[in-house]
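Let's take a relaxed walk through this structure, one spot at a time. Have the sequence and the 3D view ready as you read.

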Amino acid sequence: MKIRPFPSRSALVFGGTAAWGLLLVSCVLVNRTVLMPPSIPGATFVGSKDCTQCHADITRAFDSATHAKLMTPGDSRKEMGCEACHGPGSVHSKAGGGIDNILNPARNPDTCYQCHTDKRGEFALPHTHPAGHVTCTDCHDPHRGDAILGGGTRMAAANETCLKCHEAQRGPYVFEHEALRDNCTACHNPHGSVNAKLLKARNATLCLQCHFQQQTATGLFIGGRDHSSYLVQRGTCWSAGCHEAVHGSHVSSSLRF
Amino acid sequence: MNCLRLLLLRAALLAPALLPAQTATVSGTLSAGIGGALLKGDRPAFQELVQQRKTGAGGIEELRVTREAPDSLFRFDATLVPGDDRYRLALRQERTGRFYVDAGVERFRVWYDGSGGVFLPLGTSFVVFNEELSLTRRKVWAEVGAWTPDQTLFAFRWERRMRDGTKSSTHWGDSNLVGTFGTRSIVPSFYELDEATDDYSLTVRQDARDDVRWGARLRYTETSLHNRRHERRRPFETADRSVTQKDESSNDLFTATASYERRLSEQLTVTAGALRTTFDGILAGSRIYGQTLDPVYDPAYLRRQQRDEGYTGLHGTADLRQTVLTANAVYLPAPHWSVRTSLRFENTHQATLAEFVETNIGAGPAFAAILEDVEGEHRKTWDEFGGAVEVRHTGRPGWIHSAKAEWIRGEGNHEEQRLLHHTGQLTIDREMEYARSSQRCAFTSTWFPRPGVTLAIQGYYKANVNDYDARRDNTVSASDRYPAFITDQDFETYDLNVRLTWRPRPGLNLVTRYDHQQSRIRSQDAGLEPVNSARGRAHVLSQSATWSPAGRLYVTGNLNLTYDTLRTPTLQFAQYQDNNYVNASLACGYAAGKVDDLYLDWSWFRADNFIDRSATLIPFGVGQKTNQASLTWMRKQTAHLIYTFKYGYVGNRDETWAGLNDFDAHVLYARVQYRF
């Protein structure tokens, strides 16, 4: 079957005419509201105090959260509390709870994207974590403490966030790659990348950030050895037969495999 | 028989929802959908980008039943889409303040494109295995919890996570079939994974009281790996051979955590926490060259080449002991002021031992196998101490200011040895002492001048300083000099972002955000001058607009412009890495009739970083354009019944792969949803 690429000129003309006609007709005949996601029909802001009545376990700790920096005192700012992310809560509050009358950003990242517009762009890249299966709250806690889990003075190490799904990279190895001590994000961008495997760079530049040492007229020396021909031919340092054990090795100090 | 079992199981699961109760409400959704694609072009690339099987899928996308009563909650949640390998069955029964039961099983698939590289001057590329790769992730869990009369929660959870299947790899193999250009690594390779993790945890928590909260958790995790990476080197040449690397490791991880929080006064709350981790791993694996996929080791395999290095019979142990202590305090010295301090101490001991037979091939024409018994050993101790102070002020109407300073200092000792058993020679024998200092300063200011307008500014500076001191090192002139070769390595990052949320008129919301990040890595190696080994710079401008001129119409648009560069002083040997891109999206919803809604979605991505220097390098740098558009018609037949029909187009143009990953797809989808 032969498939024409979109949009062909005739498709545009036909589709545009049909859409314009539909618009004109419905403008006259229809007076109805279409809901813009994420939104809750008929709901208004009630303020975070209402939320504490049933969700005290969450609201009490929220003051420590990164997102608490958005909350100012005063009634006029009430939409900046819980409802900034969960949507206006009047319907939910009046019904005494429910899951269809309140937004759950854990299921839909659109709420997070409202402020983190740059992350919307990153998650729209060709290489991201699988949409719909990994959401923002898998790696970030919006309700308590720093939104970024692990690292700094937090109990868990920074890499634990990644290792809970990527067990094979946990190590420890006989010969470590010190870069892991810094963080998985030394080489990967967890939100999305134009490069495969969420890599910050898809060629040898990724490694040369830390391993560039000497450039002479004849070559590029790494570890005291000229690597220029390898770099040219292989493109990456981790190509088959070179330094494949990028996360650490039990066998080779130079992380060959 | 299986159908009957399934029916009985569902009936049993749904039974609680039907229990009569005067004040209970039962609600739910049943959605069934079917869809597929007409595709022209590369199928693996389509499946990876869209994350759907090309041949289509259909089934129950959502079956959700919720029964809510004043003192109980029951939820049932199911998905059954066989074509897309997407299944879920989950239920939760909760009696408020008394107990809950939560259990389920779910499974989904992630698609990968197994393409290798393309050598542009000759259009050389290889397909050496089926490139439609996919990995299935599965999870099974069961959790029970009960509250005592004083609202102390006791909970036990078991979770089993599995992933198996095939996944693409960027460890490309080499080929000499590139004319006079020599050798290029463009041959695809892939992973075959089979991993399973069992996780058991017991939690005790008391957070009902206002003045004291505490919790403790014991967690035991068992992981087993049966992973393989398959590579092919020099296919369709006289040196054609396969390499399979296996990781058959397993480990037990035990963690115990406890935390205690006490409000000493209205102004002061303190928290203390502790973590103890023990990790016991058993190592096993091999890397074997041969003529076929997953070969058995044969010292005289055909087509062997000099320096075909590998190992067999790897066995060993990996142990880790870690203790972490934390202490935090929140002090409210005056109205609208809060000060948060935190301290952290970590002590880690790590020891790993591996024994294996190292395999190699000598020079031609004999190409004799060389076998050596080797032992590798590693011991590491590490102490780290860190602290942070954050001050927040909310006293000025409409303003919030906060500033945070964090510093960490770590010191450790690291020993590595590599012993050749038959000669007793220590080919690696070194001991390093190292220190790491980290500082981070951050500030946030948020201003709400009037309802609907927010201006937020955030920034941070972060510096990591790493010093390595090789006390003993016998690899000074050998090739295995890392990690002792590095003596200093410093990282610096400046980051700033500004966000303006603005509602200029009713129905119109605008969000503008600008992010800037600048980073630098400075490295010094033994006997060499320090160099600025990398410099990164990123500017991201993003804009979103939401416009609802009338109740029947809304339009939202998003635009991201990203300029992201990474520079090293090695342009001659590795082309610059730019990750610049633009993406934009537009969504529009329109009430076309009394029961009909139309939705139009469009998104576009363009990266133009491709530089063809293939005469001297492998072509990298992404030159790609994707276009996705869809038109959805949703008909609300009744208050309970909704029909959805969708037509979508997805197009991909990939310059880096010389068009081999291009495709045009027309996607059709229909769904019926019943709400009750």
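A good place to start is B:Met634, which touches B:Asp597, B:Tyr599, B:Ile642 and B:Thr644, leaving aside residues up to four places away in sequence. Keep in mind that you're looking at a predicted model. You'll find B:Met634 in strand E27 of chain B. Is B:Met634 buried or exposed? With 19 other C-beta atoms within 10 Å, B:Met634 counts as partly exposed, because the cut-off for a buried residue is 20 or more. There's also a link to a spot further along the chain: B:Arg671 is 37 residues apart from B:Met634 in sequence, with 9.2 Å separating their C-alpha atoms.

Strand E27 turns up again when we look at a helix of chain B. Helix H2(B) covers residues 43–50, and seven of its eight residues are buried. They are B:Pro44, B:Ala45, B:Phe46, B:Gln47, B:Glu48, B:Leu49 and B:Val50. What do these buried residues pack against? The strands of chain B in question are listed here.

| Strand of chain B packed against by buried residues of H2(B) | Residues |
|---|---|
| E1 | 25–41 |
| E5 | 99–113 |
| E6 | 132–147 |
| E27 | 623–636 |
| E28 | 641–654 |
| E29 | 663–675 |

Right after H2(B) comes B:Gln51, and its phi is positive, near 60°.

Now over to chain A, where three strands make an open sheet in the order E2-E3-E4, with antiparallel pairing. Why do E2 and E4 of chain A each have a side without a neighbour in the sheet? Strand E2 (214–215) and strand E4 (225–226) of chain A stand at the edges and have a single partner strand each, so one side of each is left free of a sheet neighbour. As a general point, strands of a sheet pair through backbone hydrogen bonds, either parallel or antiparallel. Strand E3 of chain A, residues 220–222, pairs with E4(A) in the antiparallel sense over two bridges. Across that pairing, A:Ile222 stands opposite A:Arg225 in E4(A).

Finally, how many residues does each chain bring to the contact? Chain A brings 85 residues and chain B brings 134 residues. On the side of chain A that touches chain B, helix H1 (9–29), helix H7 (117–123), helix H10 (205–211), E2 and helix H11 (228–234) each supply at least two residues. H11(A) gives the most, with five residues. Sorted by class, that side of chain A has 37 nonpolar, 31 polar and 17 charged residues.

Notes. Residues are numbered from 1 along each chain as its sequence is written. Chains are lettered from A and ligands numbered from 1 in the order in which they are written. This is a predicted model: local features need pLDDT of at least 70, side-chain atom pairs count only at pLDDT 80 or more; totals for chains, interfaces and linings use all residues. Two strands pair if DSSP finds at least two bridges between them. Helices (H or I, at least four residues) and strands (E, at least two) are DSSP runs, numbered from the N terminus. A residue is buried if 20 or more other C-beta atoms lie within 10 Å of its own, exposed if 12 or fewer, and partly exposed in between; C-beta atoms are placed from the backbone. Two residues are in contact if their C-beta atoms, placed from the backbone, lie within 7 Å. Ala, Val, Leu, Ile, Met, Phe, Trp, Tyr, Cys and Pro count as nonpolar, Asp, Glu, Lys and Arg as charged, and the others, Gly among them, as polar.
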